[in-house]
Amino acid sequence: MPPERYAKIAGWGKYVPERVLTNADLEKMVDTSDEWITQRTGIKERHLRTEKDTNSSMAVAASIPAIEMAGLTAKDLDLIIVATSSPDYLLPPVSSQIQHMLGAECGAFQLGAGCSGWVYALTTADQFIKAGGYNNILVVGVEIISFALDYTDRTTCVLFGDAAAAVVLTATDQPSGVLAFELGSDGSGAEALIVPAAGSTKPIDFEGIENRENFIRMDGQTVFKFATRAVAGSLKRVVSQAGLLPDDIALFIPHQANARIIEAGAKLLRQPLDKFYVNVHKYGNTSAASVPLAMVEAIEEGRLKPGDKVAMVAFGAGLTWAAVVVQMGEGEISPAHTLFSAGRAAYLAKKAQNRVLDGVQAALLPLYTWRHKSRKRRK
Ligand code: UT7
């Protein structure tokens, strides 16, 4: 009998843009208050892309440390899966831009499942490895969701932020990685979280722009009720499917949309709130980047040890939800490794960002030179 195959999380990285938008900043932009945002969501600030950030550059900045930490180069990757709802362009898929920028020589695809996308992507990668087809897969969650925010609509613009995070899954015969998963979809709730115009049903036109239909619209209450049910229900089912009890889970990592949804989930699962990782106050809802960003920060903060079982859950547009139980591999996260990786990941992310910028500048240089010369000629 061939040995069992598992997919361990062998490397990870994150990228958060430098620009910070605080609740106090938002008070000057729309009719809101720090008190309202804090009490109703738990969010204090969020990071927004700067001019130098694109979806692909942020993904690359998060991926380089993940690949290096896994002891690989981009050429060793067998597949890249990118969960996002805010690619650089409608076409091509951003996954191919990321593959090219990394220097990888493998297949790549973009996966859209709203804020649940990264958990869908992790589960998909795990299946490819368990089936024996691939050994090393990069799984990215990246979002510049701010491009679809209406900064005159206080019901949505205070909630979201931009970020990227990535992990590398590698094949191993040591029990680790995804132990159980649940993927869910209920398209009857499509209207509850939607960008009405810009797709093929209603291509963007002047009327759409005038009606601000190119921005996210959300029925917050409907999503809130769906989310509290989805968090507790899918976590309960996926933990039991893994043959475990909620008490066996070292840390729950929920989608960071609203602190109240996380509190309700903890209550319904009858688990202490401090077993639920929270960083929504720093980043707001970063959609498909939210769960991997929380996982990377939980590791960096030493909240996870080798052998720990982690339950992650996400929910969002679709409506979709997804939950997994993951076992952290033995010997992967020593305290020294955690400290090293946090510092090293930040350094590598910065280096990657500079490399992407240099590339963009180099690509634009002939254009600048041509424009400069033609201006000079006209003079
Ligand atoms: O990835 C999935 C993404 N989405 C979510 O997870 C969102 C789930 N939903 C939520 O988190 C919450 O429903 C919200 C945070 C969006 C809203 O909180 P809420 O407690 O459900 O508020 P609400 O929608 O019932 O609105 C209550 C009041 C309304 O005023 P009136 O009609 O009572 O006068 C809103 O207009 O709060 C008002 N309001 C605000 N006031 C100040 C809504 N947004 C704001 C705001 N500042 N930013």
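A crossing of two helices is left-handed if the near helix is turned anticlockwise from the far one by less than a right angle, and right-handed if clockwise. Helices (H or I, at least four residues) and strands (E, at least two) are DSSP runs, numbered from the N terminus. This is a predicted model, in which local features need pLDDT of at least 70, side-chain atom pairs count only at pLDDT 80 or more, and totals for chains, interfaces and linings use all residues. Residues are numbered from 1 along each chain as its sequence is written.

**Exercise 1. Describe how α3 and α4 cross and pack.**

Step 1. Start with the handedness: α3 and α4 make a right-handed crossing.

Step 2. Add the geometry. Axes are lines fitted to C-alpha atoms, for helices over the stretch in contact, and angles run from 0 to 180 degrees between N-to-C directions. Helix α3 covers residues 55-69 and helix α4 residues 94-102; they pack at about 50°, with axes 9 Å apart.

Step 3. Class the angle. Under 35 degrees counts as roughly parallel, over 145 as roughly antiparallel, 65 to 115 as roughly perpendicular and the rest as oblique. So α3 is oblique to α4.

Step 4. List the contact (C-beta atoms, placed from the backbone, within 7 Å). From α3 come Asn55, Ser56, Ala59, Val60 and Ser63; from α4 come Val94, Gln97, Ile98, Met101 and Leu102.

Step 5. Sort by class. Ala, Val, Leu, Ile, Met, Phe, Trp, Tyr, Cys and Pro count as nonpolar, Asp, Glu, Lys and Arg as charged, and the others, Gly among them, as polar. The contact of α3 with α4 has 6 nonpolar, 4 polar and no charged residues.

**Exercise 2. Do the same for α8 and α9.**

Step 1. Helix α8 (residues 220-241) packs on helix α9 (residues 259-268) at an angle of about 40°, and their axes are 9 Å apart.

Step 2. The two helices, α8 and α9, are therefore oblique to each other. Their crossing is right-handed.

Step 3. In this contact, α8 supplies Phe224, Ala227, Thr228, Val231, Ala232 and Leu235, while α9 supplies Ile261, Ala264, Gly265 and Leu268.

Step 4. By class, that gives 8 nonpolar, 2 polar and no charged residues.

**Exercise 3. Find how well α11 is covered, and place Met295.**

Step 1. Fix the term. A residue is buried if 20 or more other C-beta atoms lie within 10 Å of its own, exposed if 12 or fewer, and partly exposed in between; C-beta atoms are placed from the backbone.

Step 2. Helix α11 spans residues 290-300, and 10 of its 11 residues are buried.

Step 3. Met295 sits in α11. It is buried, because 27 other C-beta atoms lie within 10 Å.

Step 4. Beyond its neighbours within four places in sequence, Met295 is in contact with Ile253 and Met312.

**Exercise 4. Compare Arg270 and Ser287: which is buried and which exposed?**

Step 1. Phi of Arg270 is near 55°, a positive value in a residue other than glycine. Arg270 lies in the loop between α9 and α10 (280-283).

Step 2. Phi of Ser287 is also positive, near 55°. Its loop runs between α10 and α11.

Step 3. Arg270 has 10 C-beta neighbours inside 10 Å, so Arg270 is exposed. Ser287 has 33 other C-beta atoms within 10 Å, so Ser287 is buried.

**Exercise 5. Locate two cis peptide bonds.**

Step 1. One runs from Leu91 to Pro92, with omega near 0°. Pro92 is in the loop between β4 (79-83) and α4.

Step 2. Another joins Gly318 and Leu319, with omega about -5°. Leu319 is in the loop between β12 (309-316) and β13 (320-327).

Key
Contact = placed C-beta atoms within 7 Å.
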